[in-house]
Amino acid sequence: MTTDTPPELLPERALRLRMAGLRRTRALQAVLALFDGAPGWSPTHAQLAERLQALGEPVNAVTLYRLLERLVGAGLLARRTSGAERVWRFCMPALAEAQSPHGPLFECDACQRQIPLPEDDPAARAVAEALRQTLARQGHQAARVDLAVHGTCADCREADA
Ligand SMILES: [Zn+2]
């Protein structure tokens, strides 16, 4: 097993598409090709739409949105937001992992969005410090505290209401 799988094969991708019930539409192929061509890219929905338009493969905004959701659901794309931006960016899952911030994180169980807490958030810092002290009392030395809080994000709660 080598790590440099030829891009045209990607049996795992084909499998994931099948399992997610995603049809290999023109739009889907165009979107995946864009990410394959620029592995470090993490565009917003609007930037992707613009790019597809420029390539002569325009995709309706709602269609593109649904397609991206399903690609994220199938694990073929990752979605993240940088705290201040309040807008989703899409990227290859490996990139999201490499860039995932260490530190307190809120993860929505409904949409899988990960929302990092500001690093200087006093509450998060206090929790990390309390944990460090508990461990210290037990004789352990904590090097890093990665907190993950699971729940339902504001957008999903609103959509649910
Ligand atoms: Zn959510």
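The zinc ion is coordinated by four sulfur donors, Cys108 (SG), Cys111 (SG), Cys153 (SG) and Cys156 (SG), at 2.2 to 2.4 Å. Donors are N, O and S atoms within 2.8 Å of the metal (3.2 Å for Na, K and Ca), and water is not among the atoms, so sites may look incomplete. This is a predicted model, in which local features need pLDDT of at least 70 and side-chain atom pairs count only at pLDDT 80 or more, while totals for chains, interfaces and linings use all residues. Residues are numbered from 1 along each chain as its sequence is written, and side-chain values use heavy atoms, with hydrogens and water left out.

**Zinc site**
- The site is tetrahedral, with angles of 104 to 113° among the four donor atoms; four donors count as tetrahedral if all angles lie between 85 and 135 degrees.
- Along the sequence, the donor residues follow the spacing C-x2-C-x41-C-x2-C.
- Cys153 has a relative accessible area of 2% and is therefore buried, a term that means under 20% relative accessible area (1.4 Å probe, protein chains only).
- Cys156 is also buried, because its relative accessible area is 18%.

**Surroundings of Cys156**
- Cys156 lies in helix H7 (residues 154-160).
- Leaving out residues up to four places away in sequence, Cys156 touches Cys108, Ala110 and Cys111; contact means heavy atoms within 4.5 Å.
- Between Cys156 and Ala110 there are 6.9 Å in space, C-alpha to C-alpha, although they are 46 residues apart in sequence.

**Overall fold**
- The protein has seven helices and five strands; these are DSSP runs (helices H or I, at least four residues; strands E, at least two), numbered from the N terminus.
- Their order from the N terminus is α-α-α-α-β-β-α-β-β-α-β-α.
- Of the contacts in the protein with a separation of 6 or more, 50% are between residues 24 or more positions apart.

**Helix packing**
- Helix H2 (residues 26-37) packs against helix H3 (residues 45-54) at an angle of about 105°, and their axes are 11 Å apart.
- Axes are lines fitted to C-alpha atoms, for helices over the stretch in contact, and angles run from 0 to 180 degrees between N-to-C directions.
- H2 and H3 are therefore roughly perpendicular to each other, the term for angles of 65 to 115 degrees.
- H2 contributes Ala30, Val31, Leu34 and Phe35 to the contact, and H3 contributes Leu48, Arg51 and Leu52.

**Burial**
- The protein has 161 residues, of which 30% count as buried.

Key
Tetrahedral: all angles 85-135°; square planar, octahedral: opposite > 155°, others 65-115°. Buried < 20%, exposed > 50% of the residue type's maximum accessible area, 1.4 Å probe, protein only. Parallel < 35°, antiparallel > 145°, perpendicular 65-115°, else oblique.
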